[in-house]
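I set out to look up how the strands, helices, domains and chains of this entry are arranged. My notes follow in the order in which I took them.

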Amino acid sequence: MLLEMAAGGFGDRVAVGSLDDGLTVKQIFDHSGKAAKRFRDANVENVAMIDITSPALPICLFGASWAGLPFVPLNYRLANQELDVLLERISPSIALMQPETQERISDGSNIKTVNRDDLLASTDSEEMPTDWSMDGEDTAILLFTSGTTGEPKAAVLRQRHLVSYILGSVEFMSASEEEAALISVPPYHIAGIAATLSNLYAGRRVVQLPEFDAKKWIELVRSESITSAMVVPTMLSRIVDHLLSEGTDSEGLPTLRAISYGGGKMPQPTIEAALELLPDTNFVNAYGLTETSSTVALLGPDEHREAFASSDEEVRKRISSVGKPLPSIEVSIRDENGSELPQGEPGEIWVRGEQVSGEYKGVELTLTEDGWFPTNDGGWLDGEGYLFVTGRIDDVIVKGGQNISPGEIEEILLRHPSVSDAAAIGVPDQQWGEKIVAAVVIHTDLEVDQEELKTSVKNVLRSNRTPDEVVFLDELPYNETGKLLRRVLKEDLIKMGDGSTV
Amino acid sequence: MALLKAGGRWSSSVCDTEVIVVKGPENDVSLTCGGVEMVEAGGDPVSGELDDSGDGTQLGKRYVDEEDTIEVLCTKPGSGSLGVDGKMLELKDAKPLPASD
């Protein structure tokens, strides 16, 4: 439906790629129709994608929807065996993959495949199916969540969730013709899917960067006159570093009007450096989850500037909030029993709205009877309704019966000029149940000792928040979309605590 | 008369217009296009004469009633104008959110 509207409204605009050789909306529409026929003829239950982002992504996504089949983008970086397991779970399927990927699949012969060239080939003679599948209950997307604990769960997003998200957050053809968005998040990340849909619906050209690299990203912004981009925090911090390394000769990023960021906690020094470096760029912080069809809360450009410039501590603090809920979304902070907490009290973030799915394949629906989804994220609302996210509830450190959110400790450590990255982790302890271990990465050439860092936390937070130990590491473990792998780090720290030296 | 549920798709009986319901009222209403009852997408059109004296519908635009109980989005434009229970729907002013993805 969304693609059909776009093709009817601005079919000649370039949807994906460069202005001179990109694919127009109408071309995406035609290719998707042919892909739909191919998918239907394959007699499968799912359309998978095990590939980097490319113009084949929208074709696969819309083709699957057209055919009424779920689109299942898989993480192409998974180990061969992990891919086998996931493919088994979605069998029978047809998968978009390149020949070199196919060799990695043990059951490769049993899976129907298409490659990028197949989907992009112009086969004018082929018939287009005229009937769109239009059922709002159709599963549009199955997304395997990163599974930080146990086996990955497959989040189910139905057509009605995605359509509600787009209609609730984007205005049709609201982008002018010269606008272009740079997408550098992979297809198996909800932000990669959401960006593909919302930019198409807004009529904004998309330029894809398959594997993020700060230098390439900056070059593309300049060569393609990019006007907006979505990044995860680690990307922004590398972009900032790279721009700084260009020194005073840097030509900056003059075309870039807007950067949105999300997908993890943004260190305050990074966003402040970015605001300073790119004074003409609007910053938007978006908070959302796979299970909520992407964004549910936004901190807009004006709010960024206001917070950045304010001398009022309350207002200034909002730069580390995720802003206010979308008009179509309700947010409520609940305690462990699901009772609503008074404003200002920290608890679990619950959200409700048409775009919220909260459904996993083969698992009982996690929505409450009245439609609320417990996110498993901790947070609180300030007096003006700004939402602050403190992190996954599972990551909370329980020391001597007190719940301590790692986020507040990390924020303070990151403000120290010598610290480039930091994580606070609860490590089992006989006396306290858990003790706080701060894993810290120091900028090259700079030095700091344990006590100084402990004191910096003690000066700001209550004394039970002071790290019991500080461990210096060369780097912290992240997955490729910039999510800190706390579980891995915790295991490493436990091993180190077993008597081995750091 | 029918209940307009969010996500429901309706087509005009007398022109090309198609809409999707973004927000529906709690009670049954009569949704018309070009003065004739609209039907659920895929249903048989009812007979009637097109009144094309209005501005018609524009692709991608939202239409609302005065009381703000109904909002529909035009997914296919046509020459008939939308109405509910005899009153014309109005074009909604768009206040786009900043792009988040």
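**Entry 1: a central strand and its partners**

I began in strand S15 of chain A, where I found that the bridge partner of Ala297(A) is Pro325(A). I note at the outset that the model is a predicted one. S15(A) covers residues 324-325 and pairs with S14(A) in the antiparallel sense, over 2 bridges.

I then looked at the pairing of S14(A) with S13(A). These two strands run antiparallel and are joined by 5 bridges. Here Tyr287(A) stands opposite Ala297(A). Ala297(A) is thus recorded twice in my notes, opposite Tyr287(A) in one pairing and as the partner of Pro325(A) in the other.

I also checked the connection between S13(A) and S14(A). The two form a hairpin with 4 residues between them. In that turn, Ser293(A) has a positive phi of about 55°.

Is S14(A) mostly covered, or mostly open? I find it mostly covered, with 6 of its 6 residues buried.

**Entry 2: strand S8 of chain A**

I next turned to S8(A), residues 154-158. I count this strand as largely enclosed by the rest of the structure, because 4 of its 5 residues are buried. I recorded two pairings for it. Strand S7(A), residues 139-144, is joined to S8(A) by 5 bridges, and the two run antiparallel. Strand S18(A), residues 359-360, is also antiparallel to S8(A), with 2 bridges.

Which residues stand opposite Val156(A)? In the pairing with S7(A), I find Leu142(A) opposite Val156(A). In the pairing with S18(A), I find Glu359(A) opposite Val156(A).

**Entry 3: helix H9 of chain A**

I looked up which residues of H9(A), residues 214-223, are buried. They are Ala214(A), Trp217(A), Ile218(A) and Val221(A). Viewed down the helix axis, these residues fall within an arc of 95°, so they line one face of the helix. The face turned away from that buried side carries the exposed residues Lys215(A), Glu219(A) and Ser223(A).

What do the buried residues of H9(A) pack against? I find strand S9 (180-183), strand S11 (228-231) and helix H10 (233-245), which belong to chain A. I also noted that Ser225(A) follows H9(A) and has a positive phi, near 50°.

**Entry 4: domains of chain A**

I recorded the division of chain A into domain 1 (2-190), domain 2 (214-278) and domain 3 (396-497). The centres of domain 1 and domain 2, taken over C-alpha atoms, are separated by 28 Å. In the contact between these two domains, 8 residues of domain 1 meet 13 residues of domain 2. By class, the domain 1 side of this contact has 5 nonpolar, 2 polar and 1 charged residues.

**Entry 5: chain B**

I then took up chain B, which has 0 helices and 10 strands. Along the sequence its pattern reads β-β-β-β-β-β-β-β-β-β. The C-alpha trace spans about 45 × 25 × 25 Å along its principal axes.

I compared the radius of gyration of chain B with the value for a compact globule. For 101 residues that value is near 13 Å, and chain B has 13 Å, which agrees. Of its 101 residues, 40% count as buried. Among contacts in chain B with a separation of 6 or more, 58% come from residues 24 or more positions apart.

I noted an open sheet of 4 strands in chain B, with the order S4-S3-S8-S9 and antiparallel pairing. Its edge strands are S4 (36-37) and S9 (87-88), each of which pairs on one side only. Within this sheet I looked at S3(B), residues 31-33, and S8(B), residues 82-84, which run antiparallel and are joined by 3 bridges. Cys33(B) has Leu82(B) in S8(B) as its bridge partner.

**Entry 6: the contact between the chains**

Last, I looked up how chain A meets chain B. The contact takes 32 residues from chain A and 17 residues from chain B. On the side of chain A, the elements that give two or more residues include helix H1 (2-10), helix H7 (159-169), strand S13 (282-289) and strand S14 (294-299). The largest share on this side, 5 residues, comes from H8(A). By class, the residues of the chain A side divide into 17 nonpolar, 12 polar and 3 charged.

Note on methods. Residues numbered from 1 in each chain as written. Chains lettered and ligands numbered in written order. Predicted model: local features only at pLDDT ≥ 70, side-chain atom pairs only at ≥ 80, totals over all residues. Buried ≥ 20, exposed ≤ 12 C-beta atoms within 10 Å, placed from the backbone. Pairing = 2+ DSSP bridges. Arc of directions from axis to C-beta. Contact = placed C-beta atoms within 7 Å. Domains from an automatic or database assignment. Nonpolar A, V, L, I, M, F, W, Y, C, P; charged D, E, K, R; others polar. Rg over C-alpha atoms; globule rule 2.2 N^0.38 Å.
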